[in-house]
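Subject: Structure for you to look at

Hello,

The structure we talked about is below, for you to load alongside this message. My notes on it follow.

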Amino acid sequence: MSLQLNTPLADLATDAATLLRENFESEATVTAAAPGRVNLIGEHIDYCDGFVLPFAIDRYVVIAASSNDSREGRIGTTFDKPVTLDLDKKKEPGQPKWANYIRGVIRGFQDRGHQIPGFDAFIVSSVPLGAGLSSSAALECAMATLLEGLLDTVLETREKGLLCQKAEHDFANVPCGIMDQFASAFGQANRLVLIDCKTGEPELVPFEDPDLTVLVSNTKVNHELSDGSYAERRKNTEDGLAIIGKKSWRDVSMADVESAWDDLDDPINRRARHVVSEIERTISAAKALEANEFEALGPLMAASHASLRHDFEVSCKELDLMVEIAHKIGRDGGVIGARMTGGGFGGSTVTLCESGKAEAIAAKLATDYEAATGIKPDIFASRPSKGSHLIK
């Protein structure tokens with residue numbers, strides 16, 4: 001079987017509680033879950049006042065916890081040594097790096113006047129790391145939801161997403177837009193999350209047809225978004241907007257980009273072309289979904305990938321290969337559209353396809369990709385799933 005099987009959420013919660021007991025001799029009283037996400041279309045425009053169309057996948061970060069009698073947070077994971085955090089001190093970035101996502105969320109609650117009680121916690125995850133599926137946002141949103149449970153408080157969903165985004169900015173040094181955290185926080189079953197990144201307002205878009213599914217193909221080529229490549233692209237867009245002389249990319253037309261082409265100079269002119277065209281494509285995709293015109297998504301996804309490859313230059317040969325294989329399978333083979341998803345420089349692709357042909361498509365993607373690269377990809381099917389929530 002080429003499709004990777006999923007660990008049910010209930011099993012993840014049981015595993016987290018068991019590991020909490022084994023490592024800290026504590027019984028879980030609060031368990032929080034938050035999903036990763038894929039973006040169907042609308043890439044690298046969430047920080048450009050654009051529209052994005054992600055959904056929460058059925059892969060989760062789960063944290064089981066209980067209060068302790070100390071002023072410390074003791075956090076264990078399956079992938080590193082436990083960390084201990086002094087909760088009497090305002091959190092600052094530190095080592096190990098992965099714990100900065102936890103520190104940043106705690107700091108967000110501290111800045112809102114909450115005194116975090118001492119706790120023991122254990123983290124398990126079915127969200128692949130480094131696959132462009134927002135494992136970091138899932139960890140942040142799971143931690144924020146856990147603190148809601150421990151503090152017996154509830155943040156407004158938008159505020160929780162913004163708190164987690166700030167944690168990523170200040171503690172992980174990644175100047176991300178709001179898409180990842182909002183997708184993880186606002187996600188619902190059978191709904192895509194259309195986010196207006198200018199107003200910060202999400203709108204749920206139906207995705208109810210059981211005959212359609214999305215294959216997520218992890219190329220196993222990891223990326224590091226804090227190495228400067230992401231920040232460089234973001235600065236390109238800021239510089240481009242300043243040269244064009246508009247306040248928001250939402251006010252910029254393709255004619256504006258073309259008239260300023262020489263002044264923008266390469267590569268900023270190509271970055272600008274991507275932003276304007278990707279905003280248009282995402283609006284068109286949302287309208288197609290609302291009208292149940294799924295066939296219209298194929299050309300939009302293809303154009304999005306081409307723009308990310310040539311104009312924004314965040315793809316790579318492995319992502320291009322996976323998309324190319326999907327295109328060769330074609331509509332007769334059950335593929336509607338394919339593109340890279342996430343920040344790029346590796347990670348995953350999304351293939352919108354017929355559910356009944358998903359297994360055969362996954363097998364072809366896996367076989368041809370491994371033959372060309374020597375890398376065995378991880379491929380799974382997902383439909384839109386529930387966002388961050390307390391399990392108990």
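Helix H5, residues 179-186, is mostly covered, with 8 of its 8 residues buried. Please note that this is a predicted model. The buried residues of H5 are Met-179, Asp-180, Gln-181, Phe-182, Ala-183, Ser-184, Ala-185 and Phe-186. What do they pack against? The partners are strand E1 (30-41), E2, helix H3 (135-151), H4, E6 and E7.

One residue of E2 may be worth a look. Ser-66 sits in that strand, which spans residues 51-67. Its relative accessible area is 5%, so Ser-66 is buried, the cut-off being under 20%. Apart from neighbours within four places in sequence, Ser-66 has contacts with Leu-20, Ser-26, Glu-27, Ala-28, Thr-29, Gly-118, Phe-119 and Asp-120.

Asp-11, by contrast, is partly exposed, with a relative accessible area of 40%. Asp-11 belongs to helix H1 (residues 9-24). From Asp-11 to Ala-34 the C-alpha to C-alpha distance is 14 Å, with their positions 23 residues apart in sequence.

Salt bridges

Side chains of opposite charge can pair when their charged atoms come close. Searching the whole structure gives 32 salt bridges. Three of the pairs are described here.

Glu-201 pairs with Arg-158, and their closest N and O atoms are 4.0 Å apart. Glu-201 is in strand E7 (residues 201-206) and Arg-158 is in helix H4 (residues 157-172), so this salt bridge ties together parts that are 43 residues apart in sequence. Both ends are partly exposed: Glu-201 has a relative accessible area of 45%, and Arg-158 is at 28%.

Arg-250 makes a salt bridge with Asp-196, where the closest N and O atoms are 2.8 Å apart. This pair also links distant parts of the chain, 54 residues apart: Arg-250 is in the loop between helix H6 (229-244) and helix H7 (254-259), and Asp-196 is in strand E6 (residues 191-196). Is each end buried or partly exposed? Arg-250 is partly exposed at 28% relative accessibility, whereas Asp-196 is buried, with a relative accessible area of 13%.

The third pair stays within one helix. Asp-368 and Lys-364 form a salt bridge at 3.1 Å, N to O. Both residues lie in helix H12 (residues 358-373), and they are 4 residues apart, about one turn of the helix. In an α-helix there are 3.6 residues a turn, so residues three or four places apart point the same way. Asp-368 counts as partly exposed at 27% relative accessibility, and Lys-364 counts as partly exposed at 40%. Elsewhere, salt bridges with shared partners join Glu-43, Glu-278, Arg-281 and Arg-339 into one network.

Helix packing

H12 also takes part in a helix crossing. The axes of helix H11 (residues 317-329) and H12 come within 10 Å of each other and cross at roughly 135 degrees. That angle makes H11 oblique to H12. The crossing of these two helices is right-handed. On the H11 side, the contact is made by Glu-318, Leu-321, Met-322, Ile-325, Ala-326 and Ile-329. On the H12 side, the residues are Ile-361, Lys-364, Leu-365, Asp-368, Tyr-369, Ala-372 and Thr-373. Lys-364 and Asp-368, the salt-bridged pair, are thus among the residues of H12 in this contact. By class, the contact of H11 with H12 has 9 nonpolar, 1 polar and 3 charged residues.

H11 meets another helix as well. How do H10 and H11 lie relative to each other? The axes of helix H10 (residues 297-310) and H11 come within 12 Å and cross at roughly 155 degrees, and the two helices are therefore roughly antiparallel. The crossing of H10 and H11 is left-handed. In this contact Ala-302, His-305 and Arg-309 of H10 meet Leu-319, Asp-320, Val-323 and His-327 of H11. Its residues divide into 3 nonpolar, 2 polar and 2 charged.

Regards

Methods: Residues numbered from 1 in each chain as written. Predicted model: local features only at pLDDT ≥ 70, side-chain atom pairs only at ≥ 80, totals over all residues. Heavy atoms only, no water. Salt bridge = Lys/Arg side-chain N within 4 Å of Asp/Glu carboxyl O. Buried < 20%, exposed > 50% of the residue type's maximum accessible area, 1.4 Å probe, protein only. Axes fitted to C-alpha atoms, helices over the stretch in contact; angles between N-to-C directions. Parallel < 35°, antiparallel > 145°, perpendicular 65-115°, else oblique. Left-handed = near helix turned anticlockwise from the far one by under 90°. Contact = heavy atoms within 4.5 Å. Nonpolar A, V, L, I, M, F, W, Y, C, P; charged D, E, K, R; others polar.
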